[in-house]
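Please open the structure in your viewer and keep the selection panel at hand. The tour goes step by step, first through one chain and then to the place where two chains meet.

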Amino acid sequence: MVRNPTKYVLRLVIVAYLVLLVAWPVTLVVKNAFADGLDSLRHIFDDPDLTHALGLTVQVALISVVINTVFGVGISLLLVRYRFPGKRLLSALLDMPLSVSPIVVGFSLVLVYGGRTGWFGPTLENAGLQIIFATPGIVMATVFVALPLVIREVVPVLEEIGDEQEQAARSLGANALQTFRRITLPAIKWGVVYGVVLSLARSLGEFGAVKVVSGNVLGETRTATLAVEELYQNFNTDSAYAIAFLLTLVAVASVIVVSVIRPKEDR
Amino acid sequence: MSATTVATDRPAGDRRPARAGLPLTRASGLGLGIAMLWFSLLVLIPLAAVVVTSAGGGWSNFWHTVTNEQTAAAIKLTVGFAFLVTLVNVVMGTLIAWVLVRDRFFGKRALEVLIDIPFALPTIIAGLVLLSLYGPKSPLGINVANTRASVFLAFLFVTLPFVVRTVQPVLAELDKEAEEAAASLGASRLTIFRRIILPSLTPAIAAGAALSFARAVGEYGSLVLLSGNLPMRTEVTSVRILSSIENDNLDSAAAVATVLLAISLTVIVTLDLLQRRMVRRG
């Protein structure tokens, strides 16, 4: 390629844009979190309500990731390898959670599972299962918003690898489970890992949908992101920044992990 | 045009008759059944409940809620800004993808990471992050907190990855031969971009734009700390729905939520059509 000034102008423009929009603001949060050394971080681990919030967030995220991984890999296999009526519609609907407002997600769950007026809520509550304003509701909201992430990573990989090897394994007498474990899973491994990391980051950080379904009860259904809002609005900014730092750390780490493991697609 | 189509059709692996697929066996049929049950309980029935609840109030009630002065202002702000931000993303996103694919320089890898951060960062933190550079204590002396500019800024932040990430792989697959041929025939760089590169990128740009628009329209978390949620000024549609829910006015919440769902559905359909077009083109 010929050297030309356009190249350098473009480079400069996008670097400036990304620094002003992402890099600088994110660095400031880290700086604010350590404004008085490690004190604010230590404070949040001393506060039982905040450690509970962090614990709840981790617990909900892990459950959600397991559900979405099993569901995501299964449905991807069905979509790519099998034919059935309504396949195209299903594949389009599976993307829906990506474009629905988190508030609408939470609200829709309240309408169906709400204990007082929900469609199924009262029945479930009589059976002793409370969903809204309790952990199951938080898990459902989190699973909902992160639902397409594993599928979107695994489907292209499955399409790419084709099914010749699976057919060969079958013709040699392997059953479906053996074929999946020995042939398919190793081939889609990185797609799954990538989807899992993205889901984990998304699940740890879900805010809007969780806010609607959780009831935000201190020490019970308050998650880490809800705590950040609460603390900041109550002028407890040091603790808000400290939790924000922890969540940012996980988010940035996930992105870096993904960028390292993802095979280079540019030559 | 035909030259680009051929060039971009370079297959990634051979094109199998993947469309066909196996007929369902008993085990896979059962799997599909369970998956559909879960998907219905989690997504389809709840979303249907929103539409049903809003229809339950009747058309006049729906219209009355949606055209309420404050709600209409919120919808107008959200949709208008989502549209503007999407325009910015179409230009900036394509530029960023271009530089990431075609340029080589020290620190490119770091830029790749920066692009995905808004996707992985919790939205409430996104608001906090922006507030620290563009809030009352801004080191730049720019304070947009509680203004409409803050809504724009928050939308810009959360939608950053979409156009970049849809355009980038298509651009990387693009063969340079057609461009070189055009250049050797005397086409200017601008003509090459307009006539050769842009047509191949259009479906990807449009798909990214659709995702970015949908994301902005539904945005909530990043605005909580940043925009102040001032009625008639910085209040977005999602905040409006939330306050209806908190006031136990579920019918109104459902009516406004239905408007958002209609927008999401339109985006999903558009995306589906565009993705099919992209697959055809390779």
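How many helices and how many strands are there in chain A? Select chain A of this predicted model and colour it by secondary structure, and you should find 13 helices and one strand. Following the chain from its N terminus, you pass three helices in the order α-α-α, then the β element, and after that the α elements that run on to the end.

Keep chain A selected and turn it slowly, since its C-alpha trace spans about 70 × 65 × 30 Å along its principal axes. Of the 267 residues in this chain, 47% are buried. If you consider the contacts in chain A between residues at least 6 apart in sequence, 74% of them join residues at least 24 apart.

Next, show chain B as well and look at where the two chains touch: 74 residues of chain B are in contact with 68 residues of chain A. Now select residues 26–56 of chain B, which form helix 2, because this element gives the most to the side of chain B that touches chain A, with 14 residues. Colouring that whole side by residue type separates 57 nonpolar, eleven polar and six charged residues.

Finally, select residues 82–83 of chain A, which are strand 1 of that chain, together with residues 22–23 of chain B, which are strand 1 of chain B. Do these two strands run parallel or antiparallel? The strands run parallel, and two bridges join them across the chains. Zoom in on R83(A), and you will see that P23(B), in strand 1 of chain B, stands opposite.

Key: Residues numbered from 1 in each chain as written. Chains lettered and ligands numbered in written order. Predicted model: local features only at pLDDT ≥ 70, side-chain atom pairs only at ≥ 80, totals over all residues. Contact = placed C-beta atoms within 7 Å. Helix = DSSP H or I, 4+ residues; strand = E, 2+ residues; numbered from the N terminus. Nonpolar A, V, L, I, M, F, W, Y, C, P; charged D, E, K, R; others polar. Pairing = 2+ DSSP bridges. Buried ≥ 20, exposed ≤ 12 C-beta atoms within 10 Å, placed from the backbone.
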